[in-house]
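The points below are offered as a colleague's note, to be read beside the coordinates. They begin with a pair of helices and then turn to the ligand and to individual residues.

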Amino acid sequence: MKKHLVLTFIFFAACVMASAAQQAPAQQNASAQQQQNAPQGNAANGRKLFVSFGCYQCHGYEAQGGSAGARLAPRPIPYAQLLKYVRHPTGEMPPFTEKVVKDSELTDIYAFLRAQPPAPDVDKIPLLKQ
Ligand code: HEC
């Protein structure tokens, strides 16, 4: 009888661990999914707009971020959130209304952000090996 209880406990513990292990990638997938759900944009045009609207002044030409603005690429926040944030920022960033930057232009900027290559591995940067 006692052995049976121990086995039951082990079984439940294993279930809990298995479902916890499944949850982490599921959350990552959800945000990747939200990025993919964004409407198709033109990344090349997005790069031009990122410069002409002055986003680069704070976020950097490659949207890599810097002292004045957050890193945006290559894994931007979900499209709907980006649209909302650019219209109604809550921190240091100035707002851009629809009259200034159209939704379709933000779609292109979003495509540009997503198309940026990921940052290289630290040990693949020769300067850091010196
Ligand atoms: C004057 C500097 C400045 C300019 C210009 C600017 N930003 Fe920002 N942005 C910021 C800062 C600083 C933040 C960090 C949050 C904050 O303080 O508002 C930010 C945050 C963001 C975020 C949220 C990032 C996150 O991870 O939550 C997005 C998206 C964004 N900017 C997009 C843009 C786009 C697109 C443009 C051009 C249309 C732009 N920004 C122009 C300064 C700027």
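1. Helix H4 passes helix H5 in a right-handed crossing. In this predicted model, the axes of H4 and H5, the latter formed by residues 103–115, come within 11 Å and cross at roughly 125°. H4 is therefore oblique to H5, given that angles over 145 degrees would count as roughly antiparallel and those from 65 to 115 as roughly perpendicular.

2. Which residues make the contact between these two helices? From H4 the contributors are Tyr79, Leu82, Leu83 and Val86, and from H5 they are Asp103, Leu106 and Tyr110. Sorted by class, the contact of H4 with H5 holds six nonpolar residues and one charged residue, with no polar ones.

3. The surroundings of the ligand deserve a separate look. Of the 22 residues around the ligand, those that come nearest are Cys55, Cys58, Gly91, Glu92 and Met93. Two elements, H3 and H4, give two or more residues to this shell. H3 gives the most, with four residues.

4. As to the character of the shell around the ligand, 16 of its residues are nonpolar, five are polar and one is charged.

5. The loop between helix H3 (55–59) and helix H4 (79–87) is the place of Pro74. The peptide bond that leads from Ala73 to Pro74 is cis, its omega being near 0°. I would ask that this bond be mentioned explicitly when the loop between H3 and H4 is described, as Pro74 lies there.

6. Ala63 is also found in the loop between H3 and H4. Its phi is positive, at about 60°, although Ala63 is not a glycine. Is Ala63 buried or exposed? Ala63 has 22 other C-beta atoms within 10 Å and is therefore buried, since 20 or more are needed for that class.

7. Gln57 belongs to helix H3. Gln57 counts as exposed because it has 12 C-beta neighbours inside 10 Å, and the exposed class covers residues with 12 or fewer. How far apart are the C-alpha atoms of Gln57 and Gly69? They are separated by 8.3 Å, while the two residues stand twelve residues apart along the chain.

Note on methods
Residues numbered from 1 in each chain as written. Predicted model: local features only at pLDDT ≥ 70, side-chain atom pairs only at ≥ 80, totals over all residues. Axes fitted to C-alpha atoms, helices over the stretch in contact; angles between N-to-C directions. Parallel < 35°, antiparallel > 145°, perpendicular 65-115°, else oblique. Left-handed = near helix turned anticlockwise from the far one by under 90°. Contact = placed C-beta atoms within 7 Å. Nonpolar A, V, L, I, M, F, W, Y, C, P; charged D, E, K, R; others polar. Near = placed C-beta within 6 Å.
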